[in-house]
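Reader: I have a chain on my screen and would like to talk it through with you. Could you walk me through it?

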Amino acid sequence: DCYFSPETVTRLAQQAATIYLDDLNRAFLDYSAEGWIQDFNDFRAMAAEWLDILARANEGQHALAIAVWD
């Protein structure tokens, strides 16, 4: 679990804005054998959702808290 201040969200969103998800295909192929996600389209969709959450938090100048439940 972590918390990002609005300033950190802005920095992360600025960096994330430069990510072109299709360019991650090669990196994905290197790690997909580990069994986390087997399909690049699923990976791209999941990454796009996270980038969208980050962008929306930045647009609203909000902090972002991430909690993980097992």
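Author: Happy to! Helices (H or I, at least four residues) and strands (E, at least two) are DSSP runs, numbered from the N terminus. Please keep in mind that this is a predicted model.

Reader: Thanks! Where is the place of Gln-61?

Author: Two elements frame this residue: α3 covers 40–59, and β2 covers 64–66. Gln-61 therefore falls outside both runs, as these are DSSP runs. Its place is the loop between α3 and β2.

Reader: Does Gln-61 count as buried or exposed, and at which relative accessibility?

Author: The cut-off for exposed is over 50% relative accessible area. Gln-61 counts as exposed because its relative accessibility is 65%.

Reader: What separation do the C-alpha atoms of Gln-61 and Glu-7 have?

Author: Along the chain, Gln-61 and Glu-7 are 54 residues apart. In space, their C-alpha atoms are separated by 8.1 Å.

Reader: Which pattern does the protein chain follow along the sequence?

Author: The chain has 3 helices and 2 strands. Read along the sequence, a strand begins the pattern and a strand ends it, with the helices in between. Written out, that is β-α-α-α-β.

Reader: And in which helix is confidence lowest?

Author: For the protein chain, the mean pLDDT is 84. Confidence is highest in helix α1 (residues 6–16), at 94. Where pLDDT is low, the predicted coordinates should not be read in detail. The lowest confidence, a mean of 65 over residues 25–31, belongs to helix α2.

Conventions. Residues numbered from 1 in each chain as written. Predicted model: local features only at pLDDT ≥ 70, side-chain atom pairs only at ≥ 80, totals over all residues. Heavy atoms only, no water. pLDDT = per-residue confidence, 0-100. Buried < 20%, exposed > 50% of the residue type's maximum accessible area, 1.4 Å probe, protein only.
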